[in-house]
Amino acid sequence: MAILESLNKEQKEAVCHYEGPLLILAGAGSGKTRVLTHRIAWLIEEKEVNPWNIMAITFTNKAAGEMRERVDQLAGDEAGRVWVATFHSTCVRILRGFIEMIGYGKNFTIYDSDDQKTLMKEVCRQLQIDTKKYRERMFLSAISAAKNEMISPADFQKQERDLFQNEMIARVYAEYQKQLAGNNALDFDDLLCKTVELFRSCPDVLAYYQERFRFIMVDEYQDTNKVQFEFVSLLASKYRNLCVVGDDDQSIYKFRGANIGNILNFEQVFPDAKVIRLEQNYRSTQNILSAANEVIRHNKGRKSKTLWTSNGDGCKVDFREFLNAQEEAEYVSGAVSQMVRQGDCRYGDCAVLYRTNAQSRLFEEKFLTANIPYRIIGGVNFYARREIKDLLAYLKTVDNGMDDLAVRRIINVPKRGIGAATIAKVQDYALSHAMSFYDALRAAKEIPGIGRSVSKLNSFVTLIQTLRSKQEFYSVKELLEDIAEQTGYIKELEEEGTEEAKERIENINELISRTSVYDETAEEPSLSGFLEEIALVADIDSAREGEDRVLLMTLHSAKGLEFPQVFMVGMEDGLFPGYSSVVSDDPTDLEEERRLCYVGITRAMKHLTMTGARMRMIRGETQIHMISRFVQDIPEELLSRGDSGEGGPLYRGSTGKGGAKERAWGGERAYGNGALPHEGHAYGGQMSGDDALFPRRSPDHQTSAYQQKREAFRARAYNTQQFEVKKSDGLSYKEGDTVRHVKFGVGIVQKITEGGRDYEVTVEFERFGVKKMFAAFAKLQKL
DNA sequence: CCATCCACGTTTTTT
DNA sequence: ACGTGGATGG
């Protein structure tokens, strides 16, 4: 049968497992996604399982998207009915239906970590806890840990009384949870916890989903925590058709509660589980794999396995050490330029992986000067930017008036002359009358001592009410545009006129275009739906396929991805492995770092370069580091250290920064031999102009040379995009053609109009009626 | 009520 | 080095 072709023996065995628990230990690059998707197809075609009864669950939207696509390709028409989603979005969808049974409103909002911190600050203020002495972060991580272990505030109070500090945490936890509920809000951890709570307290809801999801597959099982385990166990407990895929060597999320025991003990929990190991790697060369094996070998308490490949040895792993981080970045940028110039690879084949987000800056600078197209994944999330959060707070307020945090955020943004004193009075009133902040605003004139501010508060309330009344017949986009207009938010920024304000306006425009994409692609667009969708996206999810640009990201973000050319940078003890894991008395901290290194190495397909710097600025302090112990773990015969032996440091004094100290090192022995001389080269990559879409804010107002470069680069990126769209004639279809849309199916193009950046296409679909959409997003296919 | 200045601290990693 | 958040002065 066709599904089984192109699979090896173990893969086939896994795919053709029908009922009962199954554990697939899938080494890096061993084709686990393939196995999962093929198994889904096999169940549907061979065993005639109803796609409706199959669930595949992942951690990231990106993984879910990939799986969705591949399932759709493999399993035919009915594949769309397979449930493919992340843990969090699955829980949200379940909760949207049934959360009222555990005392929340259906249109609850989801708090991100920023919101959590704001709320925690409020909690501490009310409990009169000095946040200088006890940080919000401390409480939040304690609470998160408790939630991941499914310890309720009440349990916490009971069991943790022995420790002095825990008594306080228990109080904070209880109050935090109370206020969340008061705001009709859930934090990330709650999404899982509340779903499990729902299942436990409402057996018929659980029964419904058990019946619905008769076949469950979990990806990246090594990263599940206790709640997730519970969630999956509850769902699977009836039919026991649970298939988990994972690699204990790639467990890298202990810090957020991942319990490696879930995968290590799977066979104890499910004694009848079938276990299959996938050890043949299809991704990397033997040298890269050997390096990875050598590094991970030092960990104890793992299911030992050794990856092998028939790919051949390939080239050795490059290792280069430099005097400082500037030279390191310059080397990487030079190496990328050279490889692309020689035609060895494209920009998009290269990835730079680092331990901490802060390391991205230097590379960004060097890539900018070298005209290398790049994209940084992670860092400051688009949706975390101030102007975006402000506007979203308006949307949330319109959607859910109980979300005090959102209301308080915008009550005086833009400035309405409502000050802290007034806000405090409203707050007190709301508290003493057990009403939401917004309801207190509506009753402003009852509030004692509020004086002349009443009229200001009233006009705010009127504004929100007007927006609410429009919500019914407005699309999300129209609503947002209305808000940006009515509140004078954009106007205020325009008047400011600074670079920074312009970037913010651009960001807002980007947000508006995202709402319009949402309006066009969502099955049932709604305000709550939009807010929900963006609450659950991480930056990695926006990395588009097929862009020809170097990707920069943390090692964590890189999990699940692969690249022909990988640069692992900052290979220094104290940075990677991180300082705290080196000094920790818990040896498993270091093991987690080692797994992270293993993940990094195994991302590489053809060529891996590791680099490190002797000196590096960290938080304004220059530190001197040793070569990472992980590099030392790799035997010499697998390494190439460049043409060592002669010549001084190539980059002495070339970076302008670092001054005296750097020069003092200049007299030292040479590091960084074989570094490529830096040559700027003509910009040649295709761009899709996302730098124009995702502008990054710069802290200072005066334009530094660096920033000017950036501006120039961005302008160019933008132009290139316009050029491309027009030149290529852009569209493969014209008015009157029949086209296919991923979601809407077949339709006839009625009209094509040229918008600013893109073509706006009007299509009449057979089943969905007339839709307007942007060509670049709609990806219409001519039939 | 708002703008400006100063002091402080800073979890590696993210749904 | 950097941003945040608090205090202070207009």
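**Exercise 1. Which hand does the crossing of H23 and H24 have, left-handed or right-handed?** Work out how H24 packs against H23, then against H17.

Solution. Keep in mind that this is a predicted model.

Step 1: start with H23. The crossing of H23 and H24 is left-handed. Helix H23 covers residues 489-496, and its axis comes within 8 Å of the axis of H24, with a crossing angle of roughly 150°. Angles over 145 degrees count as roughly antiparallel, so H23 is roughly antiparallel to H24.

Step 2: find the residues that touch. On the H23 side they are Tyr-489, Ile-490, Leu-493, Glu-494 and Glu-496. Their partners in H24 are Ala-501, Arg-504, Ile-505 and Ile-508.

Step 3: turn to H17. Helix H17 (residues 386-399) packs on H24 (residues 499-521) at an angle of about 45°, and the two axes are 9 Å apart. An angle that is neither under 35, over 145, nor from 65 to 115 degrees counts as oblique, so H17 and H24 are oblique to each other. Their crossing is right-handed.

Step 4: list this contact too. H17 brings Arg-386, Glu-387, Ile-388, Leu-391 and Leu-392, while H24 brings Arg-504, Asn-507, Ile-508 and Leu-511. Look back at Step 2 and you'll see Arg-504 and Ile-508 of H24 in both lists.

**Exercise 2. Check the length of H9 and of H28, and decide how far each is enclosed.**

Solution.

Step 1: do the length check on H9. The helix runs over residues 188-201, and at 1.5 Å a residue its 14 residues should span 20 Å. The C-alpha atoms at its ends are 20 Å apart, so expectation and model agree.

Step 2: look at burial in H9. Ten of the 14 residues are buried, so the rest of the structure largely encloses this helix. Among them are Asp-189, Asp-190, Lys-194 and Phe-199.

Step 3: look at how H9 begins. There, a side-chain oxygen of Asp-187 comes to within 3.2 Å of the backbone nitrogen of Asp-189.

Step 4: repeat for H28. Its 15 residues (587-601) should span 21 Å at 1.5 Å a residue, and the end C-alpha atoms are indeed 21 Å apart. Twelve of the 15 are buried, so H28 is also largely enclosed by the rest of the structure. The buried set includes the charged run Glu-591, Glu-592, Glu-593, Arg-594 and Arg-595.

**Exercise 3. Describe the setting of Asp-573 and the loop it sits in.**

Solution.

Step 1: place the residue. Asp-573 is in the loop that links strand E13 (563-568) to helix H27 (579-583).

Step 2: is Asp-573 buried or exposed? The cut-off for buried is under 20% relative accessible area; Asp-573 has 17%, so this residue is buried.

Step 3: find its partners. The side chains of Asp-573 and Arg-629 are joined by a polar contact of 2.7 Å. Skipping neighbours within four places in sequence, Asp-573 touches His-625, Met-626, Ile-627, Ser-628 and Arg-629.

Step 4: check the backbone of the loop. Pro-577 also lies between E13 and H27, and the peptide bond joining Phe-576 and Pro-577 is cis, with omega about 5°.

**Exercise 4. Find two asparagines with positive phi and say where they sit.**

Solution.

Step 1: take Asn-184. Its phi is near 55°, a positive value in a residue other than glycine. Asn-184 belongs to the loop between helix H8 (164-182) and strand E5 (185-187), and at 3% relative accessibility it counts as buried.

Step 2: take Asn-371. Here phi is positive as well, about 55°. Asn-371 lies in the loop between helix H16 (360-369) and strand E11 (374-376); at 18% relative accessibility, Asn-371 counts as buried.

**Exercise 5. Trace the contacts of Gln-210, then zoom out to chain A.**

Solution.

Step 1: Gln-210 is part of helix H10 (residues 203-212) and, at 10% relative accessibility, counts as buried.

Step 2: Leu-235 is 25 residues away in sequence, yet the C-alpha atoms of the pair are 5.0 Å apart. Beyond neighbours within four places in sequence, Gln-210 contacts Leu-234, Leu-235, Ser-237, Lys-238 and Tyr-239.

Step 3: zoom out. Chain A has 33 helices and 21 strands, and 55% of its 783 residues are buried. Of its contacts between residues at least 6 apart in sequence, 75% join residues at least 24 apart.

Notes:
Residues numbered from 1 in each chain as written. Chains lettered and ligands numbered in written order. Predicted model: local features only at pLDDT ≥ 70, side-chain atom pairs only at ≥ 80, totals over all residues. Heavy atoms only, no water. Helix = DSSP H or I, 4+ residues; strand = E, 2+ residues; numbered from the N terminus. Expected span 1.5 Å × (residues − 1). Buried < 20%, exposed > 50% of the residue type's maximum accessible area, 1.4 Å probe, protein only. Polar contact = N/O pair within 3.5 Å; in protein donor to acceptor, adjacent residues only side chain to side chain. Axes fitted to C-alpha atoms, helices over the stretch in contact; angles between N-to-C directions. Left-handed = near helix turned anticlockwise from the far one by under 90°. Contact = heavy atoms within 4.5 Å.
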